[in-house]
Amino acid sequence: MFKIRGMRGLLTSSIGVTCAAALTLPPLVLNVPSAAAAPADRATTTTARPATAARPATTALSGSTRSLPLIPRTRERVLGRAPEQGVYRTGVRDFSLVGVIWDNPGTELLGRVQVRTRSAATGNWSDWQDIDPHNADHGADPDSAEATSGRVHGATAPLWVGASDGVDVRVRAEAGPGPGVGRDLLPAGLRLELVDPGDEAPSEGPAAERPRTDTEADTASAVNADLVSFAATEIPALSRADTERELRELNGGTTPLAKPYIGPRPRIVTRRGWGADESLREKGFVYTGKIKAAFVHHTVSGNGYRCSDAPSVIRSIYRYHVVSMGWRDIGYNFLVDKCGTIYEGRAGGAAKAVRGAHTLGFNNNSMGIAVIGTFASHKPPAAALTALAKLTAWKLGLFGANPKGKTYLKSGGGNLYPKGKNVRLNVISGHRDGYATECPGAKLYAKLGSARTSSAHLQGR
């Protein structure tokens, strides 16, 4: 039977906390200062690693990212940027996810991005597939350290294509109102990113590559040490009674809660469980004050994956977010696959108020949950919706939030609400509620009402 460990002050101490970037062995001890160490709602972090120069192919342990510059496919050039660009390549190192990035994250790609890939298993080419060019709605809040690091690139959404060894991509600008006017230009520095997720248990790479250090992986595991044994690959589910006892521990264990309103803790695969290479992300963690709301997303990476592929898909998205796009870590706090398995996303502790990069303008006091897939016209699987209800019932319950309720969040700036505006939102909101975007897709967004009801029921409301 799972043993509840002491977790005194975990919630309150997560306000404005910076975890140590390195731990010593043995034993593993994570020193977390009290809430008085920093004012509420103020996120802090350890020093980020310095910006790196423009890179060729990069490899850290198992897995790799290969970056191919796009070239003009038409004779017409305007300011050095042709209205159609692309690249065709065969015989490349196997990859499973693709995306297109460009230099300036503030520049929008107004056009169409299509790709076809050659299967590494059969040698057959796929049909042309569209890649969503609009991905700026995900990301760190404007003016945050993560957004202004100087490493961030503009990017399309990623697309999962399965094990492939050939690629053909074409990017076409939208037709503008006249020749050489605005919309017939493409962003500067277009590059195709070919991502190999690597193995679930990374092996050591060549000496010239950035080595994995035990302390980086150990630190990511240690922040969950009060929930589960150190270096576990999953956080096990708890019964309702054990979850309520755990919540009392989270609140100091001194005053019993008359009505805790929290759902049973669901099973969660840890970062170690899905094979995160902790040497990729920036050291340290960033926290926000509390969790008042959950934003639901879809990854727009396609639905053509098997449930057994989900860890590879997550490793690919993680690598794309960090290596290609320049974020400090994967943007989402949690991910859910089509079979209903829940995965820990951004590092910092599954029970803590980790600040993500998922809903531009509303990353403070919120969490981002991404259902792996594309749900504009495809219905989300029932198992994923059930997992969404379970996860929100537990995590929102840790912070006293009612899944069927409303809350106020202050905008950090975006295309719907100006910076500083207090916005009334559903406690469980879709990404489009905070930013003008199609995310989480019309079919998934339509299910959020039933998810709120189910989540509240699991909390005992």
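Author: Let's start with angles: they run from 0 to 180 degrees between N-to-C directions. Keep in mind that this is a predicted model.

Reader: Okay, so what angle does helix 8 make with strand 18?

Author: Helix 8, residues 448-458, runs at about 165 degrees to strand 18. This helix lies across strand 12 as well as strand 18.

Reader: Which strands does helix 6 lie across?

Author: Helix 6 lies across strands 11, 12, 13, 14, 15 and 18, and its angle to strand 15 is about 165 degrees.

Reader: How do I read the sheet itself: what is the order of the strands?

Author: Read a sheet by asking who sits beside whom. Here seven strands go 10-11-14-13-15-12-18, in an open sheet with mixed pairing. Strand 10 (234-235) and strand 18 (428-430) are the edges, each pairing on one side only.

Reader: In which sense do strand 12 and strand 15 pair?

Author: They're parallel: residues 293-298 of strand 12 and 366-371 of strand 15 share six bridges. For one of the partners, look at His-297, which is matched with Ala-370 in strand 15.

Reader: Now a single residue: is Lys-404 buried or exposed?

Author: Exposed counts as over 50% relative accessible area. Lys-404 has 52% relative accessibility, so it's exposed.

Reader: Where does Lys-404 lie, and what is it in contact with?

Author: You'll find Lys-404 in the loop between helix 6 (382-398) and strand 16 (406-410). Setting aside neighbours within four places in sequence, Lys-404 touches Arg-452, Thr-453 and Ala-456. Its C-alpha atom is also 7.4 Å from that of Ile-428, 24 residues apart along the chain.

Conventions:
Residues are numbered from 1 along each chain as its sequence is written. This is a predicted model: local features need pLDDT of at least 70, side-chain atom pairs count only at pLDDT 80 or more; totals for chains, interfaces and linings use all residues. Side-chain values use heavy atoms; hydrogens and water are left out. Helices (H or I, at least four residues) and strands (E, at least two) are DSSP runs, numbered from the N terminus. Buried means under 20% relative accessible area, exposed over 50%, partly exposed in between (1.4 Å probe, protein chains only). Contact means heavy atoms within 4.5 Å. Two strands pair if DSSP finds at least two bridges between them.
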